[in-house]
Amino acid sequence: MNDDQGGPFGAAVIDEAGHVLSISSNSVLGDKDPTAHAEMNAIREAALKKETHDLSGCILFTTAYPCAMCLGATIWSNIKTIYYGCRPEDADAIGFRDNFIYEFIEGGRQDESILKIRERNREDCLELFDEYKRKNKQLY
């Protein structure tokens, strides 16, 4: 934050034995990457350290309630516990859009001035999904 790399967000992933796997900060501005949130960075680093996508048994500590993207990554990584400091409305109060995104999701993706979401080429995509299933590829 002090080096203008990103916002006031930090995160850590701790394993089941209490060892710190990763400590990361938000680096959206420095990396020029909108996905470089502290939680995403911490999860990526922990997964690399453990050499697996599965962080079962780990705990995520973060300075703020995770945004929708970071919540999704936490669930995908099988982390079952999050400890957070600030609430979404606290981030909203200083200008971050976390709460806005939650409201958009809760509204059922109806506001096309924010984002248009359209289904297209479903049959082609279903073929790809069927092939993945037929080949018994790993699920995660």
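These legends go with a set of close-up views of a predicted model.

**Figure 1. The whole chain, before we zoom in.** The protein has six helices and four strands, and from the N terminus on they come in the order β-β-α-α-β-α-β-α-α-α. Its C-alpha trace spans about 50 × 40 × 25 Å along the principal axes. Of the 140 residues, 29% count as buried. Take the contacts between residues at least 6 apart in sequence: 45% of them join residues at least 24 apart.

**Figure 2. A look into the largest pocket.** This pocket has a volume of about 480 Å³. It is lined by 22 residues, and Pro34, His37, Cys67, Phe96 and Asp98 are the ones closest to its centre. Sorted by class, the lining comes to 14 nonpolar, five polar and three charged residues. Four helices each put in at least two residues: helix 1 (28-31), helix 2 (38-50), helix 3 (68-76) and helix 5 (98-106). Helix 3 gives the most, with three.

**Figure 3. Helix 5 and its buried face.** Asp98, Tyr102 and Phe104 are the residues to look for here, as they are buried in helix 5. Viewed down the helix axis, the buried residues of helix 5 stay within an arc of 160°, so they line one face. What do the buried residues of helix 5 pack against? Their partners are helix 3 and helix 4 (88-93). Asp98 also turns up in the pocket view, among the residues closest to the centre of the largest pocket.

**Figure 4. The largest nonpolar core.** This core holds 18 residues, and Val13, Ile43, Leu55, Cys58 and Ile79 touch the most other members. Strand 1 (10-14), helix 2, strand 3 (59-64) and helix 3 each chip in at least two residues. Helix 2 gives the most to the core, with six.

**Figure 5. Cys58 and the company it keeps.** Which residues is Cys58 in contact with, leaving aside its neighbours within four places in sequence? From the N-terminal part of the chain there are Val13, Ile14, Asp15, Glu16 and Leu21, and further along come Lys50, Ile79, Lys80 and Thr81. Two of these names, Val13 and Ile79, are listed with Cys58 among the core residues that touch the most other members.

**Figure 6. Thr74, tucked into helix 3.** Thr74 sits in helix 3. Is Thr74 buried or exposed? With a relative accessible area of just 1%, Thr74 falls under the 20% cut-off, so it counts as buried. Not counting residues up to four places away in sequence, Thr74 touches Ile43, Leu60, Ile79 and Ile82. Ile43 and Ile79 are familiar from the core view, where both are among the residues that touch the most other members.

**Figure 7. Two loop residues with positive phi.** Most residues other than glycine have a negative phi, and this view picks out a pair that go the other way. Glu51, in the loop between helix 2 and strand 3, has a phi near 60°. Asn78, in the loop between helix 3 and strand 4 (81-86), has a phi of about 70°. How accessible are they? Glu51 has 74% relative accessibility, so it counts as exposed, whereas Asn78, at 23%, counts as partly exposed.

Notes: Residues are numbered from 1 along each chain as its sequence is written. This is a predicted model: local features need pLDDT of at least 70, side-chain atom pairs count only at pLDDT 80 or more; totals for chains, interfaces and linings use all residues. Side-chain values use heavy atoms; hydrogens and water are left out. On a 1 Å grid over the protein atoms alone, a cavity is a set of points where a 1.4 Å probe fits but cannot get out, and a pocket is an open set with protein on both sides within 12 Å along at least five of seven lines; lining residues have an atom within 4 Å of a point. Grid points are joined across faces, edges and corners, and a volume is the space filled by probe spheres set on the points. Ala, Val, Leu, Ile, Met, Phe, Trp, Tyr, Cys and Pro count as nonpolar, Asp, Glu, Lys and Arg as charged, and the others, Gly among them, as polar. Buried means under 20% relative accessible area, exposed over 50%, partly exposed in between (1.4 Å probe, protein chains only). Contact means heavy atoms within 4.5 Å. The arc is that of the directions from the helix axis to the C-beta atoms. A nonpolar core is a set of buried Ala, Val, Leu, Ile, Met, Phe, Trp, Tyr and Cys residues joined through side-chain atoms within 4.5 Å.
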